[in-house]
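Here is a short note for a colleague opening this structure for the first time. Please keep the sequence and the 3D view side by side while reading.

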Amino acid sequence: MKINVGHNNKGGSAGWFLSKIVIEDIGNKRKYDFPLNRWLALDEDDGKIQRDILVGGAETTAISYVVTVFTGDVRGAGTKSKIYLVMYGARGNKNSGKIFLEGGVFDRGRTDIFHIELAVLLSPLSRVSIGHGNVGVNRGWYCEKVVILCPFTGIQQTFPCSNWLDEKKVDGLIERQLYEMVSLRKKRLKKFPWSLWVWTTDLKKAGTNSPISIQIYGQKGRTDEILLNPNNKWFKPGIIEKFRIELPDLGRFYKIRVWHDRRSPGSGWHLERMTLMNTLTKDKYNFNCNRWLDANEDDNEIVREMTAEGPTVRRIMGMARYRVTVCTGELEGAGTDANVYLCLYGDVGDTGERLLYNCRNNTDLFEKGAADEFTIESVTMRKVRRVRIRHDGKGSGSGWFLERVLVREEGQPESDNVEFPCLRWLDKDKDDGQLVRELLPSDSNATLKNFRYHISLKTGDVSGASTDSRVYIKLYGDKSDTIKQVLLVSDNNLQDYFERARVDEFTLETLNIGTISRLVIGHDSTGMHASWFLGSVQIRVPRQGKQYTFPANRWLDKNQADGRLEVELYPSEVVEIQKLVHYEVEIWTGDVGGAGTTARVYVQIYGKDGKTEVLFLSSRSKVFDRASKDTFQLEAEDVGEVFKIRLGHTGEGFGPSWFVDTLWLRRLVVREADLTPEEEAQKKKEKDKLRQLLKKEQLKAKLQRKKKKKKKGGVPTEEEEEEEFGPGMQEVIEEYKFEAHRWLARGKEDNELVVELVPAGQPGPESNTYEVQVITGNVPKAGTDANVYLTIYGEEYGDTGERPLKKSDKSNKFEQGQTDTFTIYALDLGALTKIRIRHDNSGSRPGWFLDRIDITDVNNEITYYFPCQRWLAVEEDDGQLSRELLPVDESYVLPSEDEEGGGGGDSSPLNSLALEQKDKSTTFSVTVKTGDKKNAGTDANVFITLFGTQDNTESPLSSLLSSLLCLPP
């Protein structure tokens, strides 16, 4: 059935090209041919010196195994002896035979990886034997463990050893039987063996040594980029090259993309065709090309897509040419000198990322106000649904303001252009600092529909852990995957990225890829210090309400561990976090003198289901200039239908005064589809057509495989996405307009830095005025010099937010026995339920004894009484600086006709009030443990906020501001 042939790699010229072996069975008069026509050489082909060959045909139908051998980190652990391995099947009656692990280093602390192909499926393994030949100067070896992954089954098994294989140590054994630690078994993505043949035409200069990559598309998805010649091996004219590749289950293939990245003369390639064959099922696909991939030949393109043909293919897809117009904005500095890349996504697949260099109408690309036209040829995608565009940040003027992208099929009129608006910067120093944008058609909103993936990378705390290389990451979900994104701009703006024991944070904004199953992370090994020790990766997806943790704890370094610069990680933990939704806030600053502000602007949103936290509106661009429009993307709690917002600023900076004109608030909601009869009929027609196509494909699959019909996979269409929300439901943008037309400034209008607004044209709370009387107690040293803040809570419309009590009717506020009166302008809260009063402990005498607070609702002519009669002082009472007070009936606080001094005496109703209020409140004991590290303590003011299902304790705005001021802008 098969033979195994190899050599020991000895002699001056050990490499061997084997044509075939013929074996005769003389007794039974049979003859067996074992053709191979491949190298058995460490420096040729795939570097193997041992192969299985099937009778009558090339090599065996191989099952591959990835064997990782860990040499221990103990003195003398390394060996120069030849290491071999035997793998045993589940029942132990099948084994691999003795496999010598050629090319391994086996130095102390080293990890060596080997790719082994066998004709037999052994996974899951019952045990392995590992040993060595016991020859050489340093023959003893300390093996830590062996990890074996079978891509075909997706099973990864760990076989611990932690012992010497040395005739002079321990028990003297040089071969050991290792058994699996079942608790460490992991399930990985299944992959299947395929053979790929590549024909280069015999034209003059048809060959190339440019790095050739491919990407294969099937009904169930696509592969990653596959580099065919990592060592720049030549594709010679007239020669057929064969490759072994492992692919996940993609269903039936429908196209392949092939490309290289070199545009210099002589680097082009003339490809005739490619053929893919499943080595297990023998399913075969042909991809015909017969074109140049050359920046100086044919149409000057270095990317080609080929549609699948052959007996396995049920329907051959056609080719299409897309006219893409990229419009750069008119703003100052809008143009870019960077390399721009674009990818189109359609109902069926995508074009892959294309470098935009071959412009049809302009020599200088992406200049201010220019519209640059390009042609992209690909297998048809039906309707284009999404555009991803980015640049590489290179060049002195790399920042770019992209206005929009227009797409239509070539040959169609300009009126058929689909517009994908952007109107944002792709600039490390402006907007949100991102260099990539994903765009949706003009009737949608990409920034609201896209998901944000917040990535935290922790560099390990070992010597030399940091790196200067460019780090990239790619995420894989059950719906789709992201691009391989280079992490250029961090959210936390650390001065140097990927430093020892530091955590760098990045945001990746893209379509919903579903539940994350794995990721790939690596670096390009550039810079003065390229090696990197990666500790862990954590990914938060607030819109999913999930947080994923990927432990790594390994080197990514050519000269450390296994020498790999890229690693695939799987989540060890997925935890539920607070689910957030996306809001878009658009603010128009007025066109009056001095309208702009340098202060930090914040907003808080109130709805029927609750309120958001205080959300600061930050950007890397200069914002809130006179007559400007600024847009911000926020992630916050879903508050339901919005009934008010609070808008304000912190009042700091050299020009804090601000004239705000209008604010727009947008969010996505799922509701019943609201279509005209014509739109409904068209949508039904499209759905019926799609359903018929799917049914036909499923029927063909059923007849072919004689199995249950399977649902067609692949890139989801817009119709399929809508089905996620249920029949007749769709995701729509809900929009609120808030008109201000006023100053938020000290010394102008009402001197307020904050305003509450209701949506225009919608019912909501009316404006109200609250007259606040603060009565300081009449005990020694009762007054305070600190800054005092008040929050008022209502039954119907939330709260006022924290307001500083600055402008009193008295010149010197909060003196002993004094009553200070303040006015707070806010939207009506309904019946008042509680207040929170605090001070910031500033000044020479901050301690304060508060008697009570009376609040009059001017609109409704109702007065609420909030007794306190306690200290707000670090050195008095319980040391608290904040109190929450509940309203009481006036009989509790106002003296009757026969009493003197409100609330005094043993028979006062206030004596029983304390127990009543205590019953309505809760006390939380907070224990803070400071770490036991050098310089772990702090002299800073520490604050904490507790969040519950109904409300939160609210961090003081001033404390939030202090923490923000410590961060880079």
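The points below go through a sheet, some salt bridges, a strand pair, some backbone details and one residue's surroundings.

1. **Status of the model.** This is a predicted model. Please read each point with that in mind.

2. **A four-stranded sheet.** Start with the open sheet made of four strands. Their order is E19-E15-E21-E22, and the pairing is antiparallel. Strand E19 (240-247) sits at one edge and strand E22 (284-293) at the other; each pairs on one side only. From one strand to the next, the twist averages 20°. As general background, strands of a sheet pair through backbone hydrogen bonds, in either a parallel or an antiparallel way.

3. **One pairing within that sheet.** Look next at E21, which covers residues 269-278. How many bridges join E21 and E22? There are eight, and the two strands run in the antiparallel sense. For a landmark, find Leu 276: Tyr 285 in E22 stands opposite.

4. **Salt bridges overall.** A search of the whole structure gives 72 salt bridges. Some of the residues involved are linked in a network, which consists of Arg 291, Asp 298, Asp 299, Arg 304, Arg 321, Arg 323, Arg 360, Glu 373, Glu 377 and Glu 410.

5. **Arg 304 and Glu 377.** This pair belongs to the network just named. The two residues form a salt bridge, with 3.8 Å between the closest N and O atoms. The pair links distant parts of the chain. Arg 304 is in strand E23 (residues 303-307), Glu 377 is in strand E27 (residues 371-379), and the two are 73 residues apart. Are these partners buried or exposed? Arg 304 has a relative accessibility of 3%, so Arg 304 counts as buried. Glu 377 is buried too, at a relative accessible area of 18%; the limit for buried is under 20%.

6. **Glu 756 and Lys 644.** Here the closest N and O atoms of the salt bridge are 3.4 Å apart. Glu 756 lies in strand E49 (residues 754-757) and Lys 644 in strand E46 (residues 642-649), so the salt bridge ties together parts that are 112 residues apart in sequence. Both Glu 756 and Lys 644 are buried.

7. **Arg 742 and Glu 749.** These two also form a salt bridge, and their closest N and O atoms are 3.9 Å apart. What about their accessibility? Arg 742 counts as buried because its relative accessibility is 13%. Glu 749, at 49%, counts as partly exposed. That value falls just inside the class, because exposed means over 50%.

8. **Strand E31.** This strand covers residues 436-439. Val 436 and Glu 438 point one way, while Arg 437 and Leu 439 point the other way. All of these residues are buried. In general, side chains in a regular strand alternate between the two faces of the sheet. E31 pairs with strand E28 (residues 384-391) in the antiparallel sense, over four bridges. One position to check is Ile 389, whose bridge partner in E31 is Arg 437.

9. **A cis peptide bond.** Where is the cis peptide bond to look for? It joins Ser 123 and Pro 124, with omega at about 0°. Pro 124 is in the loop between strand E9 (111-118) and strand E10 (127-132).

10. **Positive phi values.** Most residues other than glycine have a negative phi, and most peptide bonds are trans. Arg 382 is not a glycine, yet its phi is positive, at about 60°. Arg 382 is in the loop between E27 and E28, and is partly exposed with a relative accessible area of 31%. Phe 624 likewise has a positive phi of about 60° without being a glycine. Phe 624 is in the loop between strand E44 (615-616) and strand E45 (629-636). At 2% relative accessibility, Phe 624 counts as buried.

11. **Around Thr 328.** Finish with Thr 328, in strand E24 (residues 319-328). Its relative accessibility is 2%, so Thr 328 counts as buried. What does Thr 328 contact, leaving aside its neighbours within four places in sequence? The contacts are Ala 334, Gly 335, Phe 366, Glu 367, Lys 368, Gly 369, Ala 370, Trp 400, Phe 401 and Glu 403. With Trp 400 there is a polar contact between the two side chains, at 3.0 Å.

Conventions: Residues numbered from 1 in each chain as written. Predicted model: local features only at pLDDT ≥ 70, side-chain atom pairs only at ≥ 80, totals over all residues. Heavy atoms only, no water. Pairing = 2+ DSSP bridges. Axes fitted to C-alpha atoms, helices over the stretch in contact; angles between N-to-C directions. Salt bridge = Lys/Arg side-chain N within 4 Å of Asp/Glu carboxyl O. Buried < 20%, exposed > 50% of the residue type's maximum accessible area, 1.4 Å probe, protein only. Polar contact = N/O pair within 3.5 Å; in protein donor to acceptor, adjacent residues only side chain to side chain. Contact = heavy atoms within 4.5 Å.
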